Amino acid sequence: MPTIIGWDLGGANVKLARVEDGVVIGVVQIPCRIIPERRKFDEAVAAALPRVSSSAVHAVTMTGELSDVFNDRAEGVAYLIDVMARIAAGGMLRIYAGSAGFLSPEEAKRRMIDVASANWHATAAFVARHVRDALLIDVGTTTTDLIPIKRGTVAARGATDAERLTEGELLYTGVVRTPVMAAARSAPFRGRIQRIAAERFATMADVWRLAGELPGDADTHPAADQRGKTAAECAARLARMLGRDASDAAHSEWVTLARYFADCQLAEIEHAARGLVERDGLLPNAPVVGAGCGRFAAKRLAERLGRRYVDFADVVGAAAEAHDMAACCAPAVAVALLASSSEAA
């Protein structure tokens, strides 16, 4: 069986998983530079090339087509497919199209609507093969996917981003890049409720870092003010959200504020999750399967929902050295394993 390279081409990161004989042997994440140019994708993919076998089968899924460096999603899908076609250099290139499965590059361009942002479906389709009933919660840097799985099938009602936003299956809230102002419009501080600035002074990375829960490798991008990421610098950015300086309060007060904003974000995701549990009648013993760099939040949500927690990496059976990255880069891992099983068949 050939080596399978699974790619998840996101607007913030390019993720790559290497699978040999159906086993995940390596996973890597490469940040895309924050520049208003589409070549950021070319650069990130090129940076991954040293980890790619020349004889590999490339299985690709994406979300980067939604980036504003493209005029529309069709242009983005076509551009990203062309990037990968150059990498594959005439070799086997398979584009994931959700429930339609894998397509050739030419067919994938014609069926843009199936290909665009289908990475969530790859993760869910893989999980559904191993966990009969579950709520998959993939908490990433920018978004959260909530995907019901029933009787071994993906039970999502939405397919496109627009449909999934409508159904509450996609939330634009993540543990890194989301501005704090998207999590709350006011906050308690020193005995009063005060409004907060509608500015990108701080992000949820600052919040979760101050709360002591953000993994060290989860935040690969510059801070909102382009400064460092120490606790003091995170507190300074959070203070600015209140029109204050970090010196206006003790550090412990900024930590308390961070925990408030973290709880606001969790409450938003929990509300949507409960709606899906009720809508689809998920059984009480159906676990939460957590994925993404923010799966620590998925684990917290499982507790709130009164459900058992299962880590995506444990579903995959990833080795200890690849465990965290396999879960962080779930769509890349899933699309590689789906392609691997297809090749074996």
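Arg 190 sits in the loop between β11 and β12, and it makes a handy starting point for a walk through this predicted model. From that turn we can move to the open sheet and the helices packed on it, then to the nonpolar cores, and finally to some polar contacts of buried side chains.

**The β11–β12 hairpin**

- Strands β11 (residues 186–189) and β12 (residues 192–195) pair in the antiparallel sense over four bridges.
- Two residues separate β11 from β12 in this hairpin.
- Arg 190, in the turn, has a phi near 50°, a positive value in a residue other than glycine.
- Because its relative accessible area is 54%, over the 50% cut-off, Arg 190 counts as exposed.
- The two faces of β11 differ in cover: Ala 187 and Phe 189 are on the covered face, while Ser 186 and Pro 188 are on the uncovered one.
- Across the pairing, Pro 188 stands opposite Ile 193 of β12.

**Another positive phi in a loop**

- Gln 226 also belongs to a loop, the one between α7 (204–210) and α8 (231–241).
- Although Gln 226 is not a glycine, its phi is positive, at about 65°.
- With a relative accessible area of 61%, Gln 226 is exposed.

**The six-stranded sheet**

- An open sheet is built from six strands in the order β3-β2-β1-β4-β5-β6, with mixed pairing.
- The edge positions go to β3 (23–31) and β6 (102–103); each has a single partner strand, so one side of each has no neighbour in the sheet.
- The pairing of β2 (residues 13–20) with β3 is antiparallel and runs over eight bridges.
- Within that pairing, Ala 17 has Val 27 of β3 as its bridge partner.
- Helix α1 packs on the sheet and touches β1, β2 and β3, its direction making about 140° with that of β3.
- Helix α2 lies across β1, β4 and β5, and runs at about 160° to β4.

**A closer look at helix α2**

- Helix α2 (residues 73–88) has 16 residues and reaches 22 Å from its first C-alpha to its last, close to the 22 Å expected at 1.5 Å a residue.
- At its N-terminal end, Asp 72 acts as a cap, with a side-chain oxygen 3.3 Å from the backbone nitrogen of Ala 74.
- Just after the helix, Ala 89 takes a positive phi of about 50°.
- Which residues of α2 are buried? They are Gly 76, Val 77, Tyr 79, Leu 80, Ile 81, Val 83, Met 84 and Ala 88.
- Cover for these buried residues comes from elements including β1 (4–9), α1 (39–48), β4 (57–62), β5 (93–96), α3 (105–110) and α4 (112–115).

**Nonpolar cores**

- In soluble globular proteins, nonpolar side chains tend to be buried together.
- Here, the largest nonpolar core has 94 residues, and those with the most contacts inside it are Val 180, Trp 208, Leu 238, Phe 261, Val 289, Phe 312 and Val 333.
- Helix α9 (residues 251–280) supplies the largest share of this core, 13 residues.
- A second, separate core has 33 residues, among them Ile 5, Leu 9, Ala 88 and Val 115.
- Setting aside neighbours within four places in sequence, Val 333 is in contact with Ala 17, Val 24, Val 27, Phe 312, Val 316 and Ala 326.

**Buried side chains with polar contacts**

- Arg 295 belongs to helix α10 (residues 295–305).
- Its relative accessibility is 11%, so Arg 295 counts as buried.
- The side chain of Arg 295 makes a polar contact of 2.8 Å with the side chain of Asp 311, and another of 2.9 Å with the side chain of Asp 324.
- Beyond four places in sequence, residues in contact with Arg 295 include Val 139, Gly 290, Tyr 309, His 323, Ala 327 and Cys 328.
- Thr 144 lies in strand β8 (residues 144–150) and is buried, at 0% relative accessibility.
- A polar atom of the Thr 144 side chain lies 2.8 Å from the backbone oxygen of Thr 173.
- Not counting residues up to four places away in sequence, Thr 144 touches Ile 137, Asp 138, Val 139, Glu 169, Leu 170, Leu 171, Thr 173 and Ile 269.

How values were computed
Residues are numbered from 1 along each chain as its sequence is written. This is a predicted model: local features need pLDDT of at least 70, side-chain atom pairs count only at pLDDT 80 or more; totals for chains, interfaces and linings use all residues. Side-chain values use heavy atoms; hydrogens and water are left out. A nonpolar core is a set of buried Ala, Val, Leu, Ile, Met, Phe, Trp, Tyr and Cys residues joined through side-chain atoms within 4.5 Å. Buried means under 20% relative accessible area, exposed over 50%, partly exposed in between (1.4 Å probe, protein chains only). Contact means heavy atoms within 4.5 Å. Two strands pair if DSSP finds at least two bridges between them. The expected span of a helix is 1.5 Å times one less than its number of residues. A polar contact is a pair of N or O atoms within 3.5 Å; within protein, one must be able to donate a hydrogen and the other to accept it, and residues adjacent in sequence count only if both atoms are side-chain atoms. Axes are lines fitted to C-alpha atoms, for helices over the stretch in contact, and angles run from 0 to 180 degrees between N-to-C directions.
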